Amino acid sequence: MGETEQRPTAGSRLGAQENAGISTLEHGQKPPMTPPGKLVSIKIQMLDDTQETFDIPQRAPGKVLHDAVCNHLNLVEGDYFGLEFPDHKKMMVWLDLLKPIMKQIRRPKHVVVKFVVKFFPPDHAQLQEELTRYLFALQVKQDLAQGRLTCNDTSTALLISHIVQSEIGDFDETIDREHLAKNKYIPQQEALEDKIMEFHRSHMGQTPAESDFQLLEIARRLEMYGIRLHPAKDREGTKINLAVANTGILVFQGHTKINAFNWAKVRKLSFKRKRFLIKLRPDVNSSFQDTLEFLMASRDFCKSFWKICVEHHAFFRLFEEPKPKPKPVLFSRGSSFRFSGRTQKQVLDYVKEGGHKKVQFERKHSKIHSIRSLTAQPSEQHTEVPKQSSSFAYGDDNDAAAVQSCRQGKELKASAEDTGQHKSPSLKKSPKESRKVDGAVVSTVEEEEEAAKDRVQQNRPQSQQPSTGSLTGSPHLSELSINSQGGPSVANMSLSPNLSPDAKQSSPLISPLLNDPSCIRTDDEEEVKRKRFPTEKAYFIAKEVATTERTYLKDLEVITSWFQSAVSKEDCMPETLKNLIFSNFEPLHKFHTGFLKEIEQRLALWEGRSNAHGKGDYQRIGDVMLKNIQSMKQLTIHLRKHNEILVELENGIKNSRKLETFCRDFELQKVCYLPLNTFLLRPLHRLMHYKQIMERLCKHYPPSHVDFRDSRAALAEISEVVAQLHGNMIKMENFQKLHELKKDLIGIDNLVIPGREFIRLGSLSKLSGKGLQQRMFFLFNDILLYTSRGLTASNQFKVHGHLPLYSMTIEESEEEWGVPHCLTLRGQHQSIVVAASTRAEMDKWTEDIQMAIDLAEKSSGPAPELLASSPPDNKSPDETTVDQESEDDLSASRTSLERQSPHRGNTTVHVCWHRNTSVSMIDFSIAVENQLSGNLLRKFKNSNGWQKLWVVFTNFCMFFYKSHQDNHPLASLPLLGYSLTIPSESENIHKDYVFKLHFKSHVYYFRAESEYTFERWMEVIRSATSSASRTRALSHKEPHAY
């Protein structure tokens, strides 16, 4: 008996694993059993106009065919797509996923089924995969050619210019004319060719992935985007067209929209013979009747349109697939049709959880191949550099390193770090052709974890293979570079995503440094080391002073060495500002260099091998602390200047575009692992750390201890200094936070004004006519902003609206709207309904908003106008919140990348967005107090050995270094949303002082050297993984004077 020939899929040819049923099944579920029986061949026309044949069992439901196509394409977000075919009456209908295929397609040999986009989301940024956006771009291209997507000439030319950019790359007049002569994107294209080429000229450097993103950004604003017209008549017999979209049901006259019925207003949809009926919810302000009636060409046309409406409503409005109705015992009434598959929310959740493996795909019409994150076995055939991502060539360690990060319209400024450890960076541009990095790779902690899993599964070494990974929608935001062993540092690059969230810099399957077997410490070595050193608590407290002082000194060097060196090479900063900054930071750096040397000398004596456990004068730290804290008091004159430094630097940035660009480029360097103005606050934060350390030391010592008197005196001295500067520090932290938020927001003016205080930021879902839409909210003491994730290269958040807190009321409204953890915020001029991800998150927001309302009521009155260009959003929750823009505005979007600047994609705001959580100013203040440095052993869930790493915990994030001497982190792990626990017996971690961090499927184990360090790491990490107590006594402080 002959076996059926196995057809190789696009994925299998590239070595990818098969992922049957991934398009519509929840993570972890198995696909339904394929019915046995005779196979039938069905031809599928893809969006790139190729045809593929699939052999499907005769009795199989439509879902089997749909899943087969998605598997063939390795398409994760297949739920947005559908299969369309002409029925026996030549009417185009959608394949029902629940019905047997042969009951729908009568003569499969003579029918070509089309694989097309079925559900068009309101925001293409919700499409997480580059392949999905590519297929959507092909659909737009197809709709243009067929005349289905109509728009004015300017918009048409702009759309085609992005298609051309993705297909042939940068502008070349000769190549452009030849390409446009061979390819007709629209009828009568010749009249627009000059305008197309003019637009194409402005897309220099834009990658295919970015072109897709820009194409969809323009297309989504067009009135006919994703619209399929269904002819009908109203009650008066006037010819109209009906359509369905993510927002509801639309009414067109010709190609002009004349009415819209949002899902929130629709109570029931039904059909009776040729009549399509829409029953609306009662509304006293509406002039519509309770039930609207439209006449269609036939019952089949009417039923087909009704089915599409039911599917759109379920996909965009429901949280999960509707349950099937129970079968009637005797008589059935009405249609049993229901939506089958995952809803949009389920798709978004699945992709965000990362429960899939990404593979390559090839753009049929493009000269530039696109690569998604490679988790299959590495292939040596992909040596050509894909244009949308940096590729890494592994050369000798002595090779010079350079990198070019793709940006549209301009070259990326990068810093070339020399091989010498003490050499400062320069801010000169990399040559445009320089696209390879010798001896360097980029990694994230989660990517290392995946690499470890692959090693365990395959049990053999793998060659280095560059890849790109999706950042948007991913909970993994660590974006810092890794250097190869012993190699030079690489030129800095921005890892924040461009217009394409997938267009991220390459990263390795296996990090050559963090997965180096030589870095793995054996248990015997660890035991010998542990026995050799002191074990008393005072020693580890003293050691914490040394480890955190090393990090503090490195932070000072960011200003005194790296920043000063860069400033000296660029004529962008006034001399007065230079003198103000460096004349106050250099004395601090000089003093703390000597301070660290004294501490390390004392520890060296304390750790002496021959007398480690003896008693002696060297086994104390209080005297060293007292001496240096007394000397430190003479430096308070410099510490008092930090407020002025912060204000003057921000004013300089505000008044000088050149200085603004310089500081922004410096922040993109790897050595500047935090926002620049954060480093200016470090000296004040360090005083608080000294105070906390001395408090722990005094609490540990009995009054009779030889070191108690010095320790208590040192505590009194440092407490006095902290008390003098604490009020100034609170104002500076708020000022710094407002300016940091200003960089993350667009569409807003005068965010930083005297008296404004930041309270909380985080992700909430806002209820609108399109259902629940994720929004980023920013709460201040006078106003509440809500934003959406920006669609620009800078990855900023666009302000949609604001609610003054004066006279606002807040109430729970879960029962009213049927949405869990739901709140209604009622302002003087508008109301919005929001939902939190958990009850705990809702309680935090409720308490903070109520507190802010109380503060606003005590103030003089309503807040001033805040938004730069966004009109107030006066829509009720029942109305859509789609931004209305004319087609004339669309041409402006082509230069968005030129206007916007590169931006860090791993700021606290972005972490909160991806992990659907929030952070308050109280949390930031606690984070300042809970900073720690030191060596930890790290282990992945599926790895065998432990790696020794130098770890710095600050700003809710763990930064990993090979040693404390490194100038910049190798990788980072933001901890917001992570859970902190101790491993259970079943996890077989039979070691002391081990704690566990886990977020969804990502698990990491860390091992400390002593009980004290274990408790300290648990304490500081817990401050980031769980918010501070909401109980607070916040009095309204005096307005901040800037």
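# A tour from helix α12 to the five-stranded sheet

Begin by selecting D555, which counts as buried because its relative accessibility is 5%, under the cut-off of 20%. Keep in mind throughout the tour that what you have open is a predicted model.

**First stop: the salt bridges of helix α12**

With D555 still selected, add R682 to the selection, and look for the salt bridge in which the two side chains meet, with a distance of 3.0 Å from N to O. Following the chain outwards from each residue, you will find D555 in helix α12 and R682 in helix α18, so that this pair links parts of the chain that are distant, 127 residues apart. Is R682 buried or exposed? R682 is buried, with a relative accessible area of 5%.

Now show E544, R696, R1016 and E1019 together, since salt bridges that share partners join these four residues into one network. Within this group, concentrate on E544 and R696, which form a salt bridge whose closest N and O atoms are 2.9 Å apart. Here again distant parts of the chain are linked, with E544 in helix α12, R696 in helix α18 (residues 676–700), and the two positions 152 residues apart. E544 has a relative accessibility of 7% and therefore counts as buried.

Next, select K543 and E1009, which form a salt bridge with the closest N and O atoms 3.0 Å apart. K543 belongs to helix α12 (residues 537–569), whereas E1009 lies in the loop between β33 (1002–1007) and α26 (1011–1025), and the two residues are 466 residues apart. Which label of accessibility does each partner receive? K543, at 18% relative accessibility, counts as buried, while E1009, at 26%, counts as partly exposed.

If you wish to place these examples in a wider view, a search of the whole structure finds 44 salt bridges. As a general point, side chains of opposite charge can pair when their charged atoms come close.

**Second stop: a histidine in helix α18**

Select H689, which is found in helix α18 and is buried, with a relative accessible area of 9%. Which residues does H689 touch, once those up to four places away in sequence are left out? Show V928, E929 and Q931 alongside H689, for these are the residues that it touches.

**Third stop: charges over rings**

Select W845 together with R760, and turn the view until you look onto the ring, where R760 lies over the face of W845 at 5.9 Å from the ring centre. Then do likewise with W946 and R1007, where the charged end of R1007 sits over the ring of W946, 5.6 Å from its centre.

**Fourth stop: the open sheet**

Select strands β1 to β5, which form an open sheet in the order β2-β1-β5-β3-β4, with mixed pairing. Why is one side of β2 and of β4 left without a neighbour in the sheet? Strands β2 (51–57) and β4 (92–94) stand at the edges, and each has a single partner strand, so one of its sides has no neighbour there. Looking across the sheet, you may notice that neighbouring strands are turned against each other by 35° on average, direction ignored.

Narrow the selection to β1 (residues 39–45) and β5 (residues 112–117), which pair in the parallel sense over three bridges; K43, for instance, has V112 in β5 as its bridge partner. Then add helix α3 (residues 130–145), which packs on the sheet, touching β3 (81–86) and β5, and whose direction makes about 110° with that of β5.

**Last stop: the aromatic rings**

The structure holds 33 aromatic pairs, and two of them are worth selecting in turn. Y80 and F315 form an edge-to-face pair, 5.5 Å from centre to centre and with 75° between the planes. Y80 lies in the loop between α2 (62–73) and β3, and F315 lies in helix α8 (residues 299–317), so this pair ties together parts that are 235 residues apart in sequence. Both Y80 and F315 are buried.

F81 and F115 form a stacked pair, 5.2 Å from centre to centre and with 15° between the planes. F81 lies in strand β3 and F115 in strand β5, so the pair ties together parts 34 residues apart in sequence. F81 is buried, as is F115.

To finish, select Y80, F81, F115, F119, F120, F136, Y225, F315 and F316, which form one aromatic cluster.

How values were computed:
Residues numbered from 1 in each chain as written. Predicted model: local features only at pLDDT ≥ 70, side-chain atom pairs only at ≥ 80, totals over all residues. Heavy atoms only, no water. Pairing = 2+ DSSP bridges. Helix = DSSP H or I, 4+ residues; strand = E, 2+ residues; numbered from the N terminus. Axes fitted to C-alpha atoms, helices over the stretch in contact; angles between N-to-C directions. Contact = heavy atoms within 4.5 Å. Buried < 20%, exposed > 50% of the residue type's maximum accessible area, 1.4 Å probe, protein only. Phe/Tyr/Trp six-rings, centres within 6.5 Å; stacked < 30°, edge-to-face > 60°. Lys NZ or Arg CZ within 6 Å of the ring centre and 35° of its normal.
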